[in-house]
Structure formats: structure tokens, C-alpha cells
Amino acid sequence: MNSSISERILSIRSSLPTSVKLIAVSKQVSAQAIRSAYTAGIRDFGESRIQEAASKQSELQDLPDITWHFIGHLQSNKAKKAIEHFPWIHSVDNLKLAQRLDQLAQQLGVSPQVCLQVKILPDPNKSGWSVPELLADLPTLNQYKNLQIQGLMTIPPSGLNDSEILNVFNRNRELAKEIQEQNWSHIKMQHLSMGMSGDYELAVQAGATMVRLGTILFGDRS
């Protein structure tokens with residue numbers, strides 16, 4: 001399996017533009033498999049369960065240059081643990097959570113990098129701001145000075161065809177541009193976290209700066 005993990009990583013990394021960061025989604029993957037990916041050059045890993053991630057982080061303390069990204073749905077009551085374990089949080093999906101993270105970041109003396117999760121199309125199965133909600137909340141988000149708001153994250157609804165998926169990614173890029181042009185003092189739009197194993201090529205085409213790949217690197221998880 002090790003050689004195939006590294007072969008898959010090399011093949012995908014060589015196909016990605018240098019402007020795109022590959023985040024290996026390592027949830028339900030062993031610390032050993034993470035080591036294989038690390039050996040193949042990956043430094044960014046995405047997890048969606050804090051407890052599972054924390055035990056791997058302690059096993060992998062000898063790899064100090066790993067950056068951990070939280071990519072799952074984050075409940076407010078787990079916000080403190082998330083900030084303690086993850087310098088990046090891709091799934092800030094409502095104002096109340098952003099406010100909580102900002103307060104905790106101030107208490108802990110950290111400034112996590114975050115993406116705002118937006119639903120470009122209505123989707124009852126996913127969390128996130130609708131586009132009008134996000135635009136309305138920007139003045140408040142701009143006051144959260146302990147968060148480094150770096151961009152937008154989106155996941156298209158399931159069941160779309162390629163051109164519909166591409167349209168979602170393109171609209172996410174246009175939304176980020178619109179927000180950037182409003183020149184907020186504490187909201188940057190440098191990153192678009194979009195694209196997973198099944199649609200990352202479309203996301204890259206639309207301007208993704210970070211893709212979150214799991215299955216295509218590590219194979220199917222149990």
C-alpha cells in the first residue's frame with residue numbers, strides 16, 4: 001500500500017498547478033499511512049474529528065512541519081479543542097461559530113486561519129452561509145480580529161453533472177472576488193478551498209487554491 005500511496009500522490013501532485021495546495025484528507029486513515037504521505041512530500045493534512053486527529057497528532061509529533069486543517073462540521077462546543085489542535089479551519093459555517101472562535105482565539109492567544117463555508121446553491125444536507133446571508137454578515141465578521149479570514153470553502157450539492165459543478169466553483173470564485181473588492185480590513189480572499197477526489201480537476205479549472213483529497217490518495221476507507 002505504501003508504494004501505491006506515494007505513487008498516487010506523486011501522480012496527482014505532478015498534475016496540479018504549483019498555485020494549488022494539496023490537502024490530504026486523512027480521516028479514518030492510520031498514522032502510518034500519514035507517514036507514507038509525508039514521505040511522498042505532503043505537509044498538509046485534513047481531519048474532521050477532533051479526537052481522532054488529536055491521537056494521530058501525538059503519534060506524529062516527530063514530524064513538526066505538518067499543518068493540520070479541520071475540514072468537518074464544527075459544533076460550537078468543540079470550538080476550543082478545534083483551535084487548540086488546528087491552525088486552519090475550513091468549515092466556519094455561521095456567524096455564531098465565527099464569534100465563538102474569535103473569543104476563544106483571543107483567550108488562547110492564537111489567530112487561526114479560517115475559510116468561510118458558503119452554499120452557492122441551496123443544499124439541505126450541508127451547513128454554510130447562503131450567499132445573501134454571507135454578504136449581510138461581512139460587516140460583523142470584519143470585527144473578529146483574532147481570526148485570519150483567508151477565503152471561502154464550498155462543497156457542491158451531490159447529484160450535479162460536471163458543468164453544474166464547474167458552475168458552482170466558478171460562482172464561488174466570483175463571490176470571493178466581489179468580497180475582496182469591498183476592501184474589508186480583516187477579511188482576505190486569498191484562498192478558495194474547493195474540490196475533492198471526484199471533482200478536484202473542475203475546482204482547479206475554476207481557480208481553487210486548496211483541494212481536499214482523501215479517497216484518491218488513500219483508497220476507500222472503511
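The following questions and answers walk through a predicted model.

Visitor: What should I know about the numbering and the cut-offs of this model?
Guide: Residues are numbered from 1 along each chain as its sequence is written, and side-chain values use heavy atoms, with hydrogens and water left out. As the model is predicted, totals for chains, interfaces and linings use all residues, whereas side-chain atom pairs count only at pLDDT 80 or more and local features need pLDDT of at least 70.

Visitor: Is strand 7 largely enclosed or not, and how many of its residues are buried?
Guide: Strands (E, at least two residues) and helices (H or I, at least four) are DSSP runs, numbered from the N terminus. Buried means under 20% relative accessible area, exposed over 50%, and partly exposed in between, with a 1.4 Å probe and protein chains only. Strand 7 covers residues 148–153 and is largely enclosed by the rest of the structure, because the buried residues number 5 of the 6.

Visitor: Which residue of strand 7 stands opposite Cys115?
Guide: Two strands pair if DSSP finds at least two bridges between them. Strand 5 (residues 113–119) pairs with strand 7 in the parallel sense over 5 bridges. Opposite Cys115, strand 7 places Gly151.

Visitor: Which residue in strand 8 is the bridge partner of Met153?
Guide: Strand 8 spans residues 187–193 and pairs with strand 7 in the parallel sense over 4 bridges. The partner of Met153 there is Ser193.

Visitor: What handedness has the β-α-β unit of strand 7, helix 7 and strand 8?
Guide: A crossover is right-handed if, with the strands pointing away from the viewer, the path from the first strand over the helix to the second runs clockwise. Helix 7 (residues 162–180) forms this unit with strand 7 and strand 8, and its handedness is right-handed.

Visitor: Which residues does Lys188 contact, leaving aside neighbours within four places in sequence?
Guide: Lys188 is found in strand 8, and its 38% relative accessibility makes it partly exposed. Contact means heavy atoms within 4.5 Å. With those neighbours left aside, Lys188 is in contact with Ile149, Gln150, Gly151 and Gln180.

Visitor: Which helix gives the most to the largest nonpolar core?
Guide: A nonpolar core is a set of buried Ala, Val, Leu, Ile, Met, Phe, Trp, Tyr and Cys residues joined through side-chain atoms within 4.5 Å. The largest has 68 residues, and Ile89, Leu134, Leu141 and Leu152 have the most contacts inside it. With 7 residues, the element giving the most to this core is helix 7.

Visitor: How far apart are the closest N and O atoms of Asp44 and Lys21?
Guide: A salt bridge is a side-chain nitrogen of Lys or Arg within 4 Å of a carboxyl oxygen of Asp or Glu. Asp44 is buried, at 8% relative accessible area, whereas Lys21 is partly exposed, at 34%. In their salt bridge, the closest N and O atoms are separated by 3.7 Å.

Visitor: How many residues apart in sequence are the parts tied together by Arg35 and Asp62?
Guide: Arg35 and Asp62 form a salt bridge whose closest N and O atoms are 2.9 Å apart. Arg35 lies in helix 2 (residues 31–39), and Asp62 lies in the loop between helix 3 (50–59) and strand 3 (67–70), so the pair ties together parts whose separation in sequence is 27 residues.

Visitor: Which residues are joined into one network with Lys56?
Guide: Lys56 counts as buried, at 5% relative accessibility. Its side chain meets that of Glu52 in a salt bridge of 2.8 Å, N to O. Through salt bridges that share partners, the network joins Lys56 with Glu47, Arg49 and Glu52.
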